[in-house]
Amino acid sequence: MEPKANLPLNIAVVGHTNVGKTSLIRTLTRRNSFGDVSSSPGTTRHVESQVLMVTGQKIVRLLDTPGFEDSIGLFDTIETLDDGREKLGIDRLALFLQSKEAASSFSQEAKVIRQLLECDVAFYVIDAREPVLGKYQDELRIISLAAKPIFPLLNFVASDNSRVDQWTKLLKALNLHTSMQFDSVAYDFFAEQQLYKKMQTMLAVGWQQPLELLINHRLEAWQDLLIAAANRVATLLIDTASYRQAITKDTSLASSAKQLQQTIRKKENTAALDLLALFKFQSDDYGANLLPVSENSWKLDLFDPKTLKLFGIKATSTAAKGAVIGLGIDMAVGGVSLGAAAALGALLGGLWQTGKQFGREAIAYVSGERYLCAEDNTLILIWRRSTSLTSALRHRGHAAQKPVMIAKPQSEANTEETTADQQVMLSLKIARNHPQWSKRQGLVEFAPTAKQRCIAALTTIIIAQWRETYNIQ
Amino acid sequence: MSINKQLMRLIQCEYLRLEEETGVIRAGSKEIERQLQQLPAEQAIVERANRLLSITEKNSLQAPSRHYRQLSIALLGFFGILGGLATVEVFSGVEQASANFFWILLALLGVNAISMFIWLLLIGWPNSADQNDSWLMSIQAWLSRKSSQDTSALRAWQQAISTTGGQQWHLSVISHGLWLAFLSGTLVMAWLLLSMRQFDFVWETTILSGDAFVSISQWLATLPSLLGIQLPTASHVMVSRVGESPQDPDELRILWSNLLLSSLAIYGLLPRAVALLFAIFARRHHWNNVLPDVSTPYYYQLKMRLSPDTVAEGIVDDDAETCHQTHNFSASNTATIAKLQQLDDVCLAGLEYDGEWPPALSAIGLDDLAPIMFSVNAIDRSSREQLLSEAGNNSIRNIVLIARFEAAPDRGIIRLIRQLNSKPATLWLLLIQHRSQQTSQQWHDWLSAATDAQLPQQQVGRLNIGIGNDGA
Ligand SMILES: Nc1nc2c(ncn2[C@@H]2O[C@H](COP(=O)(O)OP(=O)(O)OP(=O)(O)O)[C@@H](O)[C@H]2O)c(=O)[nH]1
Ligand SMILES: [Mg+2]
């Protein structure tokens with residue numbers, strides 16, 4: 001056992017064609033543009049490498065290889081090349097690489113074997129839906145000739161017709177006791193962590209420390225990502241809640257409501273696209289009509305009563321959908337704001353701000369100014385929807401090619417506000433009282449610190465709610 | 001106010017953020033980001049802004065601080081004068097040159113003491129200054145309008161300062177500074193007045209006991225006396241009461257003046273100066289430690305770009321064959337199935353068929369077929385060999401090869417089809433589709449596999465006996 005490993009750890013990702021080798025690398029590297037992925041066999045025809053890094057240091061090199069296609073034929077060829085003398089597996093593979101078959105009919109397989117001979121460990125990717133056929137066993141026999149640690153990875157385990165048991169039985173029979181279930185499309189961060197941890201147990205001690213570094217770094221980045229996403233959602237909610245659409249003398253209520261809806265839709269879509277980008281997904285990677293956030297709009301409209309119902313919110317029948325008219329002094333809002341401000345530790349500021357707000361409202365009342373703002377239902381919907389989107393993105397591998405699926409919220413029957421909703425709505429009531437937060441008056445934003453602090457507080461609430469209620473770790 | 005270096009760095013970052021969030025990406029930012037990959041993320045973010053901004057831009061970012069400094073100097077002067085005027089006002093109330101010492105001291109330091117007390121209260125109260133930054137910002141906005149200055153610079157300032165969380169110290173510096181100016185004015189003017197005019201210091205009371213005043217004055221004198229200043233003793237105080245006639249009024253005047261000036265300095269200026277220094281230190285501490293907030297999406301993404309988790313090394317072992325054949329095929333082959341149903345002497349064989357072998361004819365959708373024999377299901381080397389030898393049997397006229405539509409037709413499969421196709425019997429390939437999914441790509445793959453194996457397209461058929469969906 002070597003004390004210090006030679007970084008990076010070279011991992012040859014091998015397996016039959018079309019089992020998802022390229023997909024696996026896409027997911028592990030969070031790069032959905034890596035290589036080519038298609039449902040046809042023989043898609044990858046070269047060896048391509050992608051490196052996992054921790055602060056500038058290369059830790060793991062993943063090598064994507066072409067798939068084995070004719071392992072029965074290949075095994076026969078290797079057998080016939082044998083001159084009968086007792087030989088090591090690696091020598092037999094070396095002999096094959098010099099043969100003319102390695103340059104012609106088995107040129108793809110030759111590429112795989114070259115990588116096998118050079119790598120530190122081989123990931124053998126398995127399509128767990130496949131029956132355990134002879135050709136796969138032949139593949140494993142060929143791979144084991146290279147005398148490298150083999151780490152079987154069962155892909156497609158989230159499919160309902162996967163045969164994990166049969167495969168594990170075969171692997172055990174071949175003395176491969178450490179294997180791993182990992183679906184590159186239905187992504188699970190903790191399965192990924194598990195994968196690296198299992199590798200630690202399997203490899204020489206020299207690799208433990210670098211892999212530990214990778215595991216911790218990934219965990220940190222994952223948590224940072226959650227915070228950034230929560231921050232984005234909080235910003236969206238606060239922007240929406242503080243937004244006011246003035247009803248002027250020459251606009252009708254209906255057209256103002258339309259404008260309000262349009263503005264809010266735009267805010268939500270921008271946020272959805274931002275979330276996609278945060279998780280390193282691109283909306284245009286998949287063509288316009290695949291994502292629910294296509295053509296810059298969610299497929300389910302924010303102001304459609306059906307959408308409300310889908311997310312477990314009872315629709316109310318206001319004249320202007322999704323909007324409520326704020327008129328003059330809004331006592332209830334002011335009162336709640338005070339309480340909320342106190343809860344957030346800003347009692348003095350809250351008092352002061354509420355007083356000022358009352359002043360402004362009083363002036364508006366006297367001068368007959370009226371405005372529209374988003375109703376509570378709309379805010380709750382935005383909150384639940386962005387939660388669902390975040391949850392979906394966190395369980396989406398970068399190999400996924402289908403549109404982002406928003407899971408149906410669990411609480412469909414439950415149309416009441418949950419405590420999670422209430423907590424979030426409380427901070428939004430503060431935002432409601434700060435119309436200046438969503439606009440810039442002339443040159444400058446007013447009270448940016450108060451807004452920042454409110455966003456920060458809401459971010460913390462959102463993270464806590466996600467962890468608790470929505471099981472987003 | 002001298003502009004804090006670290007804060008300036010944050011302002012530069014914020015300036016770029018505001019610009020980039022509108023979609024502007026500067027030329028050369030990619031290159032600079034690549035060069036900075038070795039640095040720790042926060043440092044790299046700061047350095048990136050430093051390199052991307054031009055000298056003129058950096059200068060214009062300094063402008064708000066210059067305006068701020070000009071305003072500060074003007075305000076300090078103004079408050080100094082105000083302090084002087086206030087002192088004159090206080091002393092002008094003195095009748096017949098006999099000044100009430102305690103009254104004057106209260107007038108000069110009372111409000112200061114109260115405001116100091118409020119400050120102490122507020123500083124212990126978190127976030128109390130948040131709401132007040134709006135007027136600070138308004139002043140800056142007004143200033144920059146006056147000087148028709150770049151608004152994006154001002155916004156960068158705002159954003160930076162609002163993320164630092166050091167506002168309460170910033171406001172403290174301002175208020176202590178102004179009070180200090182005010183008190184300095186007071187002290188100077190008091191000294192001038194006491195130098196140029198003559199006051200007899202007295203004290204008087206109606207309801208309090210005289211002893212109280214004696215002890216107050218002795219208590220006031222404790223600190224100044226440590227400096228060796230000559231101060232009124234208890235007996236001096238006793239004789240200064242209104243109505244008494246002291247023996248040495250000159251000495252008494254000096255002693256009381258000493259007490260007044262030193263009290264102003266020690267109980268007025270000194271605490272303010274200490275508090276000011278403290279606030280300056282606290283503010284500097286805050287601003288020295290400010291970093292871009294990487295929990296926000298923009299900086300998170302920038303951090304990821306600067307310190308990437310993954311890097312592409314590209315193609316290691318390239319494909320030698322440059323072009324791969326592509327074929328065009330018809331969408332489906334329903335005619336093949338009809339033809340299959342009419343065949344007489346058929347040998348059924350499996351190609352990695354997944355299920356019971358031999359299969360029930362209904363399971364493969366061919367109830368009308370009359371097979372003369374079942375060969376094997378080729379799932380490994382030996383069964384393949386067996387199939388090939390049985391297929392060589394001259395009595396067989398048709399071989400129907402049953403395969404899973406969902407399987408990927410790899411080169412091993414193509415080789416087997418080609419070998420079977422070279423036998424005298426006619427080879428048919430029947431693909432059984434279990435999952436009812438969008439499949440045109442797979443159908444295409446199988447047809448091109450057949451073409452590669454020289455099997456005519458008309459001899460390939462597919463049957464959808466779709467049961468359920470593949471959820472994944
Ligand atoms: N549902 C599901 N589909 C997957 C998964 N992994 C891969 N796929 C799909 O399987 C197909 C093949 O994936 P690839 O990544 O191209 O497979 P490969 O092993 O690189 O194939 P070749 O390069 O052709 O040898 C694609 O259509 C993928 O979308 C998975 O975990 N779940
Ligand atoms: Mg591939």
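Author: In this predicted model, a polar contact is a pair of N or O atoms within 3.5 Å; within protein, one atom must be able to donate a hydrogen and the other to accept it.

Reader: Which backbone oxygen does the side chain of Thr270(A) reach, and at what distance?

Author: Thr270(A) lies in helix α9 of chain A, which covers residues 253-278. With a relative accessible area of 39%, this threonine is partly exposed. Its side chain is in polar contact with a backbone oxygen, and the partner and distance are Lys266(A) and 2.5 Å.

Reader: What separation is found between the C-alpha atoms of Thr270(A) and Leu195(A)?

Author: Along the chain, Thr270(A) and Leu195(A) are 75 residues apart. In space, their C-alpha atoms are separated by 35 Å.

Reader: How far apart are the end C-alpha atoms of residues 10-154 of chain A?

Author: The UniProt record, in an unreviewed entry, lists residues 10-154 of chain A as "domain: G". This span is 37% helix and 23% strand. The C-alpha atoms at its two ends lie apart by 20 Å.

Reader: Which strands stand at the edges of the open sheet of 7 strands?

Author: The sheet has mixed pairing and runs in the order β6(A)-β5(A)-β4(A)-β1(A)-β3(A)-β2(A)-β3(B). Two strands each have a single partner, so one side of each is left without a neighbour in the sheet. These edge strands are β6 (180-181) of chain A and β3 (310-317) of chain B.

Reader: Which residue in β4(A) is the bridge partner of Gly15(A)?

Author: Strand β1 of chain A, residues 9-15, and strand β4 of chain A, residues 121-127, pair in the parallel sense over 5 bridges. In β4(A), the bridge partner of Gly15(A) is Val125(A).

Reader: Is strand β4 (residues 346-351) of chain B enclosed or open, and how many of its residues are buried?

Author: In a regular strand the side chains alternate between the two faces of the sheet. From β4(B), Val346(B), Leu348(B) and Gly350(B) point one way, while Cys347(B), Ala349(B) and Leu351(B) point the other way, and all are buried. The strand is therefore largely enclosed by the rest of the structure, its buried residues numbering 6 of the 6.

Reader: Which residues stand opposite Val346(B) in β5(B) and in β6(B)?

Author: β4(B) is joined by 5 bridges to strand β5 of chain B (residues 371-378), and the two run parallel. β4(B) also pairs in the parallel sense with strand β6 of chain B (residues 398-404), over 6 bridges. Opposite Val346(B) stand, in β5(B), Pro371(B) and, in β6(B), Asn398(B).

Reader: Which residue of β7(B) stands opposite Ile399(B)?

Author: β6(B) is mostly covered, with 7 of its 7 residues buried. From this strand Ile399(B), Leu401(B) and Ala403(B) point one way, and Asn398(B), Val400(B), Ile402(B) and Arg404(B) the other. Ala403(B) is the bridge partner of Leu351(B), and β6(B) also pairs in parallel with strand β7 of chain B (residues 426-433) over 7 bridges. Opposite Ile399(B), in β7(B), stands Leu427(B).

Reader: What is the area of the nonpolar surface patch that includes Ile81(B)?

Author: Ile81(B) belongs to helix α4 of chain B, residues 55-92. Its relative accessible area of 54% is over the 50% cut-off, so Ile81(B) is exposed. Together with Leu75(B), Phe78(B), Leu82(B) and Leu85(B), it makes a nonpolar surface patch of about 450 Å².

Conventions:
Residues are numbered from 1 along each chain as its sequence is written. Chains are lettered from A and ligands numbered from 1 in the order in which they are written. This is a predicted model: local features need pLDDT of at least 70, side-chain atom pairs count only at pLDDT 80 or more; totals for chains, interfaces and linings use all residues. Side-chain values use heavy atoms; hydrogens and water are left out. UniProt positions are given in the numbering used here, feature names are shortened, and annotations may be inferred rather than shown by experiment. Helices (H or I, at least four residues) and strands (E, at least two) are DSSP runs, numbered from the N terminus. Patches are made of residues with over 30% relative accessible area and no salt bridge: like charges are joined within 9 Å, nonpolar side chains (Val, Leu, Ile, Met, Phe, Trp, Tyr) within 5 Å. Accessible areas come from the Shrake-Rupley method with a 1.4 Å probe; for residues, only the protein chains shown count as cover. A salt bridge is a side-chain nitrogen of Lys or Arg within 4 Å of a carboxyl oxygen of Asp or Glu. Buried means under 20% relative accessible area, exposed over 50%, partly exposed in between (1.4 Å probe, protein chains only). Two strands pair if DSSP finds at least two bridges between them.
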